Amino acid sequence: MSLTNSERIEILEEVLEKMSECADLLRRLNDPRIEAYCLADFEGRERGWLGTFVRDILEEELQSAREPEEDDTD
């Protein structure tokens, strides 16, 4: 099954939203091990983590998916 670009954008936005919710929940655990090894994947560089993490890759994919739509409106 092939997705349209709009469907791809919608899915990526939903995943990123849920990752933010997960990060908030994980922070509430106040567990140093989780904060040290898990949060970076959910928060990415936006929260100051160094390197490239799962969230960063998904945000890059979302940006790439949005670019064709932005070109169509010009």
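The dialogue below explains how to read several features of this structure.

Q: What kind of model is this, and how are its residues numbered?
A: This is a predicted model, in which local features need pLDDT of at least 70, side-chain atom pairs count only at pLDDT 80 or more, and totals for chains, interfaces and linings use all residues. Residues are numbered from 1 along each chain as its sequence is written, and side-chain values use heavy atoms, with hydrogens and water left out.

Q: How is a helix identified, and what span should α1 have?
A: Helices are DSSP runs of H or I with at least four residues, numbered from the N terminus, while strands are runs of E with at least two. The expected span of a helix is 1.5 Å times one less than its number of residues. For the 24 residues of α1 this gives 34 Å, and the end C-alpha atoms are 35 Å apart, which agrees. After α1 comes N30, whose phi is positive, near 50 degrees.

Q: Which residues in α1 are buried?
A: Buried means under 20% relative accessible area, exposed means over 50%, and partly exposed lies in between (1.4 Å probe, protein chains only). In α1 the buried residues are I9, L12, L16, M19, A23 and L26.

Q: Where is R55 placed, and is R55 buried or exposed?
A: R55 belongs to helix α4, which covers residues 54-73. With a relative accessible area of 8%, R55 is buried.

Q: Which residues does R55 touch?
A: A contact means heavy atoms within 4.5 Å. Leaving aside residues up to four places away in sequence, R55 touches L16, M19, S20, D41, F42, E43 and G44. Two of these partners, L16 and M19, are among the buried residues of α1.

Q: How many salt bridges are there?
A: A salt bridge is a side-chain nitrogen of Lys or Arg within 4 Å of a carboxyl oxygen of Asp or Glu. By this rule the count is 7.

Q: With which residue does K18 form a salt bridge, and where do the two lie?
A: K18 pairs with E14, with the closest N and O atoms 3.1 Å apart. Both lie in helix α1 (residues 5-28), 4 residues apart, about one turn of the helix. K18 is partly exposed at 44% relative accessibility, and E14 is partly exposed at 42%.

Q: What is the distance in the salt bridge of E59 and R55?
A: Their side chains meet at 3.0 Å, N to O. The two residues are 4 residues apart in helix α4, so about one helical turn separates them. E59 is partly exposed at 26% relative accessibility, whereas R55 is buried at 8%.

Q: Which parts does the pair of D56 and R45 tie together?
A: D56 forms a salt bridge with R45, the closest N and O atoms being 3.6 Å apart. D56 lies in helix α4 and R45 in the loop between α3 (39-43) and α4, so the pair ties together parts that are 11 residues apart in sequence. D56 is buried, at 3% relative accessibility, while R45 is partly exposed, at 40%. R45 and D56 are also linked with E60 in a network of salt bridges.

Q: How many disulfides are found, and why do C22 and C38 not form a bond?
A: A disulfide is a pair of cysteine sulfur atoms within 2.5 Å. A search of the whole structure finds 0 disulfides. The closest cysteine sulfur to that of C22 is in C38, and the distance of 11 Å is too far for a bond. C22 is partly exposed at 33% relative accessibility, and C38 is partly exposed at 31%.
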